[in-house]
Amino acid sequence: MHTYASALALSAVAVPAHLDADIAVPLLSGPQAQGDLLVVPVPAGSLPASGLEPVAATGVAVVHGEATGNTHWLHAGFDSPDVRWRGDVDGVRLGYLLVPGGQSALLVHTGEHGANGIAAGTYAIHRKREQAVLVDHAPFTIVAPRLHED
Amino acid sequence: MTVIDFVAQCRRRFLTCGPLPDRDRAAIVGQLHRAYLAAGLAWPGRVWWVPSPLVGDLAARTAAATLLRERQRRTTAPAGRGRRAAVAVGAVVREVYNVGVAVVISAVCGAGGAALLAVVVEDRQRVGFVVFCAVLAGLLGGASTLTRSDRSQRADAAVRATHDRAVTDLDATGRRVLAALLDVGVPPPTDSTVDRQVELACGPVRTAVDAGLRSMATVASQNRRRRATDLVRRIIDAPEPVTVASARVTAALTRLATGSAAAWRWRHRTVAVADLDAVATLAGAGHVWWWAHPEFVVVSEPPVELHVEYAGGSYRPHRTDGPAVRWRDGLRLYFWHGTRVPAGLIERGWTVDEIHRHHNSEVRRAAIERMGWLTYIDRAGLRLVASAPDPGNHPHELRLYEDPRRRLGPTRVLVMTNGSPDGTDRPTVYAETVPGHLDDPVEAAAWQYDCPVDVYRTLQRRT
C-alpha cells in the first residue's frame with residue numbers, strides 16, 4: 001500500500017501539512033471525490049470495448065486547472081501493471097478507469113487534496129458543472145420611509 | 001524552431017507592452033505601405049501616431065469628414081460671386097416667406113380663438129380684443145418659426161451627411177487595406193497554421209478590447225480633443241502626397257509579382273528563419289490599431305499595460321486590482337475574466353443594489369463573482385432552503401440557498417466546504433450555482449457531478 005509520501009512522490013508533490021506522510025492511503029471501491037473530481041463506480045458493461053490504454057509510469061494528467069495551475073494525476077499502484085484508462089470526454093465525464101482484481105490505482109493532486117486510492121473495479125471520472133445563472137435586472141425602487149412608533 | 005515554439009514567441013510578443021521601439025514602428029508603417037500598394041491605393045505618405053485608439057478613432061473620423069468638406073467646398077466654389085449672391089438672396093427670401101406664412105396662420109388662429117371667446121363672454125370691446133389676440137398670436141408664431149430655423153436644420157443635416165459619408169469612406173478604405181494585408185499578396189507571408197494559432201491565442205483579447213473601445217460613448221478628456229484637433233490641422237496643412245502616376249505603376253508591378261499562383265506558393269511555404277522576424281512583427285502589429293484613408297494613415301500606439309489570463313486555449317483580458325488595458329494617454333479599460341466592466345466595479349466594488357441596477361447581465365454576473373457568492377448570499381438576503389450532512393465529508397454540511405426576490409431566476413446556490421484545508425488564506429467554504437428545481441442539497445451536489453443521487457449518498461471519502 002502506498003503512503004501519502006510515496007503516492008505524492010509519483011507526481012513529485014510534497015505532502016501537504018494537514019496529512020501524515022506515513023499513513024497509508026485508503027483503497028476504496030465505492031464513490032469518492034477529490035476536489036472537483038468524482039470517481040464513480042460504473043457497471044463493467046458500460047466501459048468502452050476498446051481504447052483502454054495501460055497507464056504509463058509517468059501517470060495520466062486527468063485534468064489541469066488553468067486558474068490554479070494544479071493537476072489531478074492518475075497513477076498505477078504497487079504491482080498494478082494492468083490498470084487501464086481511456087480519456088472519453090462527454091459532458092462532465094472525463095474518462096473510464098479499469099482496475100483489475102488485486103491491483104490498485106491512485107489519483108494524486110498537486111495541490112491541497114492529497115491522494116485517493118482506488119481499489120479493483122470499473123469506474124468513470126466526472127468533473128463538476130455549474131448552472132448558468134441569468135442575474136436579473138431589478139429596477140431601482142424607492143422605499144417609503146418607515147414610521148417609527150414612539 | 002518548431003511552429004509551436006514560434007507561436008509561443010508570437011504570443012509573448014503580442015502580450016508584452018511598453019513603448020514601441022522605432023524599428024517596430026518603421027516595420028509596421030512599412031507593412032501598411034505595402035498593403036496600400038497591394039490594395040491599389042496610392043501611399044499617402046502621412047502617417048500619424050496617436051497615443052490611444054480612442055483618439056485615433058476620433059481623429060480619423062474628424063479628419064476624413066473635414067477633408068471631404070474641403071473637397072466639396074473647393075469643387076463648388078468656382079460658382080463665382082454672382083451665383084453666390086443669388087443663392088444668398090434666395091435663402092433670405094425663403095426665410096421671409098416661411099416667417100410670413102407662420103405669422104399669417106398664427107394670426108388667423110389667434111383671431112378665431114379670440115372671436116369664439118368674445119362670443120362666449122359677450123364682451124362689448126370684442127373687436128379690440130380680437131385684434132389684440134391676433135397680433136399677439138402672430139408675433140409668437142413668427143418668433144418661434146425664426147428660432148426653429150429651417151436653415152439651421154438643413155445645415156445640421158448637411159454636416160451629418162458629410163460625416164456619415166466620410167466614415168463610410170474611411171471604413172471602406174480600411175477594409176480594402178485590411179483585405180490586402182490578410183490576402184498575403186503582400187509579404188510577410190505567414191503559414192496558415194501559424195496564423196490560426198496566433199489568432200486563436202490572441203484574437204479574443206483584441207476582440208474584447210475592440211468591443212470595449214467601441215462602447216465608450218464619448219471622448220471626455222479635453223486633452224484628447226485637443227490632440228485630435230491638432231492632428232486634423234496638421235493633416236490639412238501638410239504638403240501634397242506622392243504623385244498618383246508613379247504609385248499606380250508601383251502598384252501594378254507589385255500585383256504582377258504577387259499574382260494568385262505566386263501568392264499561393266508564398267502562403268504555403270514553410271516558415272523560414274529569415275521570415276520569423278517579419279512574422280513576429282506582424283503579430284506585434286496585431287495589437288496596433290490603424291485607420292486607413294486615401295490621404296492619411298492614423299496609427300495608434302499599443303497599450304502600455306495589458307493584463308491577461310489564459311483560459312480555454314486562449315488569452316483574455318482580466319485584472320482584479322486595476323485596469324486590464326491602459327494606454328499612454330490614460331485611456332483605461334477594465335475586464336473581469338474577459339467581460340468588460342465599469343471602472344467602479346474593479347476599483348471599489350459594488351453593493352447588491354448597484355449590481356442589480358446595471359443593465360448588462362454579464363456584468364451583473366461578473367460583479368457577483370467579484371463580490372464572492374458567499375458575501376452575496378449574506379448581503380442580498382438569500383434564504384436558506386435546506387441543509388444536509390455532506391456525504392463522505394463529515395462533519396461538514398451542504399447548504400442550499402435561494403433568492404426570495406427571484407433575482408437569480410430559476411437558480412439556487414449551493415454552499416460547500418472543501419474536504420481538505422487550504423494552505424493559503426483562501427476560505428475553504430465556497431458556493432456554486434445549481435438548478436432551482438432541486439430541493440435537497442445532496443441532490444444538488446450529485447447534479448453537479450451528473451451522478452445518480454443514490455450513488456452519491458454512498459460517497460465514501462472526499463479529499
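## Close-up views of a predicted two-chain model

**View 1. A buried salt bridge in chain A.** The side chains of R93(A) and D88(A) come together in a salt bridge, with 3.5 Å from N to O. Like everything in these legends, this contact belongs to a predicted model. Neither partner is left out in the open: R93(A) is buried, and D88(A) is buried as well. R93(A) also falls within strand β8 of chain A, which spans residues 93-99, so keep this residue in mind for the sheet shown in View 4. Over all chains, the structure holds 15 salt bridges, and the next two views visit some of those in chain B.

**View 2. A salt bridge between two strands of chain B.** Here E402(B) and R383(B) meet through their side chains, at 2.3 Å from N to O. The pair links distant parts of the chain, since E402(B) sits in strand β11 (residues 397-402) of chain B and R383(B) in strand β10 (residues 383-389) of chain B, 19 residues apart. Which of the two partners is buried and which is partly exposed? E402(B) is the buried one, because its relative accessible area of 11% is under the 20% cut-off. R383(B), at 41%, is partly exposed.

**View 3. A buried pair, and a network elsewhere in chain B.** R407(B) and D403(B) form a salt bridge between their side chains, 2.9 Å from N to O. How do these two residues stand in terms of accessible area, buried or exposed? R407(B) has a relative accessible area of 5% and is therefore buried, and D403(B), with 4%, is buried too. Elsewhere, E305(B), R319(B), D321(B) and R326(B) are joined into one network by salt bridges that share partners.

**View 4. An open sheet with strands from both chains.** This view follows a sheet of 7 strands in the order β4(A)-β7(A)-β8(A)-β11(A)-β3(A)-β2(A)-β14(B). The sheet is open and its pairing is mixed. Which strands form the edges? They are β4 (53-54) of chain A and β14 (461-462) of chain B, each of which pairs on one side only. Within the sheet, strand β8 (residues 93-99) of chain A runs antiparallel to strand β11 (residues 121-126) of chain A, and the two pair over 6 bridges. A handy place to look is Y96(A), which stands opposite A124(A) in β11(A).

**View 5. The setting of these strands in chain A.** Stepping back a little, chain A contains 1 helix and 11 strands. Along the sequence the pattern is α-β-β-β-β-β-β-β-β-β-β-β, with the helix ahead of the strands. Chain A has 150 residues, and buried residues make up 47% of them.

**View 6. The second largest cavity, lined by both chains.** The structure has 3 cavities of 30 Å³ or more, and the one shown here, the second largest, has a volume of about 50 Å³. Which residues line this cavity? The lining consists of K128(A) together with D390(B), L398(B), M416(B), T417(B), Y430(B), A445(B), Q448(B), Y449(B), Y456(B) and R462(B). At least two lining residues each come from β12 (411-417) and α16 (441-449) of chain B. Of these elements, α16(B) gives the largest share of the lining, 3 residues. By residue class, the lining divides into 6 nonpolar, 2 polar and 3 charged.

**View 7. A stacked pair of tyrosines at the cavity lining.** Y449(B) and Y456(B), both named in the lining of the second largest cavity, also form an aromatic pair. Their rings are stacked, with 5.9 Å from centre to centre and 25° between the planes. Y449(B) is buried, with a relative accessible area of 0%, and Y456(B) counts as buried at 1%.

**View 8. An edge-to-face pair in helix α15 of chain B.** A search of the whole structure finds 2 aromatic pairs over all chains. Besides the stacked tyrosines, there is the pair W373(B) and Y376(B), whose ring centres lie 5.6 Å apart. Why is this pair called edge-to-face? The planes meet at 85°, so the pair falls in that class, for which the angle has to be over 60 degrees. The two residues belong to helix α15 (residues 373-379) of chain B; being 3 residues apart, they are separated by about one helical turn. Both rings belong to buried residues: W373(B) has a relative accessible area of 8%, and Y376(B) is at 0%.

Technical notes:
Residues numbered from 1 in each chain as written. Chains lettered and ligands numbered in written order. Predicted model: local features only at pLDDT ≥ 70, side-chain atom pairs only at ≥ 80, totals over all residues. Heavy atoms only, no water. Salt bridge = Lys/Arg side-chain N within 4 Å of Asp/Glu carboxyl O. Buried < 20%, exposed > 50% of the residue type's maximum accessible area, 1.4 Å probe, protein only. Pairing = 2+ DSSP bridges. 1 Å grid on protein atoms, 1.4 Å probe; cavity = no way out; pocket = protein on both sides within 12 Å on 5 of 7 lines; lining within 4 Å. Points joined across faces, edges and corners; volume = space filled by probe spheres on them. Nonpolar A, V, L, I, M, F, W, Y, C, P; charged D, E, K, R; others polar. Phe/Tyr/Trp six-rings, centres within 6.5 Å; stacked < 30°, edge-to-face > 60°.
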